[in-house]
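Student: Can we go through this model together? I'd like to start with one residue and work outwards.
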Amino acid sequence: MESRIEEFQYDDAIVRKFLWATLTWGVVGMLVGLWVALQLAWHPANLGEWFTFGRLRPLHTNAIIFAFAGNGIFTGIYYSTQRLLKAPMYSRALSNIHFWGWQLIIVAAAITLPLGITQSKEYAELEWPIDIALTVIWVLFAINVFGTIAKRRERHLYVAIWFYIATILAIAILHIFNNLVIPATAFKSYSLYSGTQDAFMQWWYGHNAVAFFLTTPFLGLMYYFMPKAANRPVFSYKLSILHFWTIVFLYIWAGPHHLHYTALPAWAATLGMLFSLMLWMPSWGGMINGLLTLRGAWHKVAEDPILKFFVVAVTFYGMSTFEGPLLSIKSVNALSHYTDWTIAHVHAGGLGWVGFLLFGMIYWLAPRLFQVELFSKRMMELHFWIGTIGILFYIIPIYVAGITQGLMWFALDADGAIQYEFVETTARLNVFYWARVGGGLLYFSGTVMCVYNVLRTWAMRPKAYDVPVVRAAALSPDYVEPPRRKTSLEQSGGHVLPIAVKLEAWFQGDWHRRWEGRPLRFSVWVLIAVVAASAFEIVPTFLLKSNILQTAEDVEKEARIQPYTPLEVVGRDIYVANGCYNCHSQMVRPIYAETQRYGDYSKGIEFVYDRPFQWGSRRIGPDLHRVGGTRNHYWHFQHFRDPQQLVPDSIMPKYEWMLDAEIDFDVVQPSIDALVVLGTPYDSYLPRALTEAGTVAREQASRVARELAEQAKSNQPWTEDDFEAFVASYETKQIIALIAYLQRLGTDIYREPDQAKAEDDESNEPEDAPRTGSIDSEDSAEGRG
């Protein structure tokens, strides 16, 4: 039966909307990135409470990932999906709800993150109301895409669509399971997971957010736009199949390599490393497939800046996917982790792979969407060269900075003592931080050129866009799949083993061709690959208590670990709100140089009440896990007020506003109630917190303020009235809660089992802890960046 010919029109209006959003948020995200880079090179660029590094850095990452890259992904998907499936989008209403909903989520992020409303999980900082909105919008996007697939007029799905399907399904799973929380208030929640398990879930999400938001959708865009720009077919269909399925199955396992030498069980981190190493070859298979698509068209690269953008983007993809497995190797990771080496690696992929692929796509789309020639090809060429030089000026100094950091941290003198104070490393890096600002400024200048070029192109558009009518045959309901092609073994006529025939048929690829005509089966197998790989790691991590209680000594110490007091919970929330995890880790690794600098290495059992975990991924300042009891309250008080007064080379922002900001005691009880729901045993350790958390917090705050005043008056000629006035001035301030939290860090395992906190303790402050090493002494040149 002959197929019916149907007429339809593509919806390019939604593509134009997402393109403008991509450019707009790209400028905003990069401006914030420049500001953040400047703050590291010149600490006075930290302005007040809302615009410090700890609050702006998450804004920068969210703006680049979800606003710039996210809108760019949707631009490409909405354009290519319609043409690959020969169908307009399933619902224009859903397309527009997706667009405006996504922009509102970005605006909400831009407001809440500087206000300190955050979960403090990298790439998942947004609080629970925004997470719910994001889930709803993502589901609507999925319905729109799968609805379009269902009414397609092209039977077989092209490779780009495979990657779009994987993106939609995997991101949904990652987002939902990483963001399971118990809300305490409208803008505060606590993770369903704690400590080691929370760390595992975060990096299962964090690594795979890179995989399925910054890799698979961009590979889909590469497989569509690069052949279009080169006017050449993809080099190898079979290599595309191998590339896709190995990426989907292997990538999901690799997250734990971010947690080498931490309290995560070694088997999980090692498994992540092994799968990271296995990812190298399929990733390079994708790079080769992209570059060899240009076979016979390399002469065009010299003439066409769009192809230049694509070639450099794919090259950076290859470089990043080589370096990623390299950094997952334990011995390399020991040096690179917490350093700027990781920052250089991320930005090589972000600026080179993501940024340049989007710019190439935008330049290719602009004349087609606005139905006029691009305003200036010379400006596009200039953008390419300025952007490329900007990338190199950015990443090379930061690679050098990262290696310098790692080597200086591990350097020991002839007696085995730490050779460099932490702040000496910070001071040594300043020149590299300024170089990064210069490289970032060049890259941003290229982006501004792109925006100007597209704006001038749009200004020359016709009064009304021509919306051509497309004609295509509908899919026939009587279609029958052709029989499988005979393999060469079958054609030979000889006696062969059935398994050999099946293997050859599998490599022949006919099975995949049939799957491409059955989107539901294809999607189910993608889902199985993602879920199965996740479950193999997640389930053992959550079921085996031995993952946390690693030794007999740890089991003995379990009784010493106690929940945070209500005031310490407030202090921890302040720590989280100000993004301190962006500069400080709370994880002393079992490496000699670290235990000499910071103290005993961190144990998994110490984090059972940490929601969320605060291990961090970078050390601009020193590790804080053993900071409790190493300095008195007054040192911390002075340090927050003016870090440079105590440590001249410090690049830490001033937090003098914290000396005036009041503790909101009304939210203490809801916070404790949420933690009790999550299983925190306040009924055993501090029963009054179950009903009088605010009062308990006030009492401890008063005690801490008096201890602070006692330490302060030794340096000042105070009368008794002065003393009481000081206590009254600060006992309700946020600085007191933060000091209480810092003084608690890393001290529980040193207390005797019978020293449990009781509600009538005279002091809730932990005992001073013995050290196998310590953070640099008070009068040393230490950096608290």
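Student: F322: buried or exposed, or something in between?
Tutor: F322 is partly exposed, with a relative accessible area of 36%. Buried means under 20% relative accessible area, exposed over 50%, and partly exposed in between, using a 1.4 Å probe and protein chains only.

Student: What kind of model is this, and how are residues numbered?
Tutor: It is a predicted model, numbered from 1 along each chain as its sequence is written; local features need pLDDT of at least 70, and side-chain atom pairs count only at pLDDT 80 or more. Totals for chains, interfaces and linings use all residues, and side-chain values use heavy atoms, with hydrogens and water left out.

Student: How many aromatic pairs are there?
Tutor: The structure holds 63. Rings of Phe, Tyr and Trp (its six-membered ring) pair if their centres lie within 6.5 Å; planes under 30 degrees apart count as stacked, over 60 as edge-to-face and the rest as tilted. W245 and W515 are one edge-to-face pair, at 5.8 Å centre to centre with 75° between the planes.

Student: Where do those two sit?
Tutor: W245 is in helix α8 (residues 237-251) and W515 in helix α19 (residues 510-516), 270 residues apart. Helices are DSSP runs (H or I, at least four residues), as are strands (E, at least two), numbered from the N terminus. Both W245 and W515 are buried.

Student: And which ring pairs with F322?
Tutor: W280 does, edge-to-face, at 5.1 Å centre to centre and 65° between the planes. W280 lies in helix α9 (residues 266-292) and F322 in helix α11, so the pair ties together parts 42 residues apart in sequence. W280 is partly exposed too, at 31% relative accessibility.

Student: What about S328, buried or exposed?
Tutor: S328 has 0% relative accessibility, so S328 counts as buried. S328 is in helix α11 (residues 305-328). Leaving out residues up to four places away in sequence, S328 touches H257, H260, M273, S276 and L277. Contact means heavy atoms within 4.5 Å.

Student: Switching topic. At what angle do α28 and α30 cross?
Tutor: Roughly 85°, and the axes of α28 (residues 689-713) and α30 (residues 734-744) come within 10 Å. That makes α28 roughly perpendicular to α30, a label for angles of 65 to 115 degrees. Axes are lines fitted to C-alpha atoms, for helices over the stretch in contact, with angles from 0 to 180 degrees between N-to-C directions.

Student: Which residues meet there?
Tutor: Q700, A701, V704, A705 and L708 in α28 meet I736, I739 and A740 in α30.

How values were computed:
Angles under 35 degrees count as roughly parallel, over 145 as roughly antiparallel, 65 to 115 as roughly perpendicular and the rest as oblique.
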